[in-house]
Amino acid sequence: MRTRVFSGMQPTGNLHIGNYLGALKNWVRIQHDYECIFCIVDLHAVTVYQDPAALRAKILEIAALYLAAGIDPKDCSIMVQSAVPAHTELSWMLTCVTPLGWLERMTQFKAKSAKQESIGSGLLQYPVLMAADILLYQAGIVPVGEDQAQHLELTRDIAQRFNSLYGDTFVVPNTSLPTVAARVMGLDDPTQKMSKSATGLNHAVGLLDPPDKIRKTIMRATTDSNPAVDIPNAGPGVINLLSIYQAFSGATDEEIKAQFTGLRYGDLKKLVAEMVITHLEPFQQRYREITADPAYLAAILREGAERVAPIANDTVHTVKQRMGLYT
Ligand code: TYM
């Protein structure tokens, strides 16, 4: 049996090059080496209020972006989390083996809850639902960006705790991070992670941004006070631009050093912008073709859910038996 891969994205905000380089690009690279399930995690999205109509549209947009990036629906399952009820079912059972302290320690919870006036309890449970997503399919590999590494550690802890309480049940998954651009930083503020929820005008390059907008955002990126690229002494803004270029181009560290050392920042930015545009143009073209056929998209999501539901239901059945629940 091929090792299973599971990963997902929240249908909120606009997907950006951080999501692409941190996760989506790697999904495409490994999709034929493993049995892959790529999810649109709508139940995670509602841990903060979402406009219902906008959420529904966003789910389809993310599915189309997966396909536009090159995910092959013949070989991979693309599915929406809420279409397979076993995610929420397993989430409850895992909640019951998860100490509160483990959840309160999560940096994303701390950051997100600090921004809210009233904190929904779903925000605290968020990583347990994420653990359920992964453990439900006995996934061995979870390709994500670096910001999800702590949630993956928690998933491993939950799996191990369940296994020690009730006997070997879950595969303990491994995290797979990209070697370059595991954490793409905001272009306006390279000390902050590029984020879908950030509002700054020049913060992120969206995957669906037109070329002019991409050029503007990158040309305005924050750098530092050095006159030109000097990699050992470069600030976080320049390092961020170089790693974006490197991840899109596939160049080695040596090639990047040779190509960019001594280059003025204006020229660096031009090269980065053209590299990003060259990659996103065909991607956006495919996106337009896919969204022109909503029935195709709906069929992909239906088939995905139908393909994975038996795996999920099997796990829930086993978990119920192990816990002594009524089956
Ligand atoms: P989400 O929707 O915030 O992000 C989707 C993916 O993009 C990666 N990512 C980044 N990578 C590099 N640089 C960045 N600035 C950047 N921003 C985001 C994320 O690491 C992620 O891989 N909790 C998850 C969704 C989720 C999930 C799962 C993932 C739910 N269940 C099970 C894996 C397995 C999230 O909010 O991702």
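This tour goes from the whole chain to its pockets, then to its enclosed cavities, and ends at two loop residues.

**The whole chain**

Begin with the full protein chain on display, and keep in mind throughout that this is a predicted model. Coloured by secondary structure, the protein chain shows 13 helices and five strands. With the C-alpha atoms alone switched on and the view turned along the principal axes, the box to picture is roughly 70 × 45 × 40 Å. The radius of gyration is 21 Å, which agrees with the value near 20 Å that a compact globule of 327 residues would have.

Next, colour by relative accessible area: buried residues make up 50% of the 327 residues. If a surface is drawn instead, about 15100 Å² of the protein chain is exposed, and carbon and sulfur atoms supply 53% of that area. A contact map is a useful companion here, since among contacts with a separation of 6 or more, residues 24 or more positions apart account for 78%.

**The largest pocket**

Now select Gln10, Gln108, Asp147, Gln148 and Lys193, which lie nearest the centre of the largest pocket, out of the 49 residues that line this pocket. Its volume is about 1300 Å³. To see which elements build the wall, show β1 (4-9), α1 (17-30), α2 (42-45), α6, α7, β4 and α8 (149-166), each of which supplies at least two residues of the lining. Coloured by residue class, the lining of this pocket has 19 nonpolar, 22 polar and eight charged residues.

**The second largest pocket**

Clear that selection and pick Asn14, Ala198, Gly200, Ala204 and Lys213, the residues nearest the centre of the second largest pocket, whose lining has 16 residues. The space in this pocket is about 260 Å³, and by class its lining divides into five nonpolar, eight polar and three charged residues.

Stay with Ala198, and follow the backbone to either side: this residue sits in the loop between β5 (174-176) and α9 (211-219). Is Ala198 buried, partly exposed or exposed? Its relative accessible area is 33%, so Ala198 counts as partly exposed, given that the partly exposed class runs between the limits of 20% and 50%. Before leaving, add Gly13 to the selection and draw a distance between the two C-alpha atoms, which should read 8.8 Å although Ala198 and Gly13 are 185 residues apart in sequence.

**The enclosed cavities**

Turn next to the spaces from which a probe cannot get out, of which there are two with a volume of 30 Å³ or more. For the largest cavity, select Gln108, Phe109, Lys112, Leu123, Tyr126, Pro127 and His151, the residues that line it. Gln108 is worth keeping highlighted, as it is also one of the residues nearest the centre of the largest pocket. The largest cavity holds about 50 Å³ of space, and the elements that each give at least two residues to its lining are α6 (107-115) and α7 (121-135). By class, this lining divides into four nonpolar residues, two polar and one charged.

For the second largest cavity, the selection is Pro73, Cys76, Ser77, Ile78, Ile300, Glu303, Gly304 and Arg307. Two elements, β3 (77-80) and α13 (294-323), give two or more residues to this lining, and α13 provides the largest share, with four residues. The space enclosed here is about 30 Å³, and the lining of this second largest cavity comprises four nonpolar, two polar and two charged residues.

**Two residues with positive phi**

The last stops concern the backbone. Most residues other than glycine have a negative phi. Select Gln138 in the loop between α7 and β4 (141-143), and read its phi, which is positive and near 55°. The relative accessible area of Gln138 is 22%, so this residue is classed as partly exposed.

Which residue in the loop between β5 and α9 should be selected next? Go to Ala181, which lies in that loop and has a positive phi of about 65° although it is not a glycine. Ala181 is buried, because its relative accessible area is 8% and the buried class takes in values under 20%. With Ala181 still selected, bring back Ala198, which is placed in the loop between β5 and α9 and is partly exposed at 33%.

How values were computed: Residues are numbered from 1 along each chain as its sequence is written. This is a predicted model: local features need pLDDT of at least 70, side-chain atom pairs count only at pLDDT 80 or more; totals for chains, interfaces and linings use all residues. Side-chain values use heavy atoms; hydrogens and water are left out. On a 1 Å grid over the protein atoms alone, a cavity is a set of points where a 1.4 Å probe fits but cannot get out, and a pocket is an open set with protein on both sides within 12 Å along at least five of seven lines; lining residues have an atom within 4 Å of a point. Grid points are joined across faces, edges and corners, and a volume is the space filled by probe spheres set on the points. Ala, Val, Leu, Ile, Met, Phe, Trp, Tyr, Cys and Pro count as nonpolar, Asp, Glu, Lys and Arg as charged, and the others, Gly among them, as polar. The radius of gyration is taken over C-alpha atoms; the globule rule is 2.2 Å times the number of residues to the power 0.38. Buried means under 20% relative accessible area, exposed over 50%, partly exposed in between (1.4 Å probe, protein chains only). Contact means heavy atoms within 4.5 Å. Accessible areas come from the Shrake-Rupley method with a 1.4 Å probe; for residues, only the protein chains shown count as cover.
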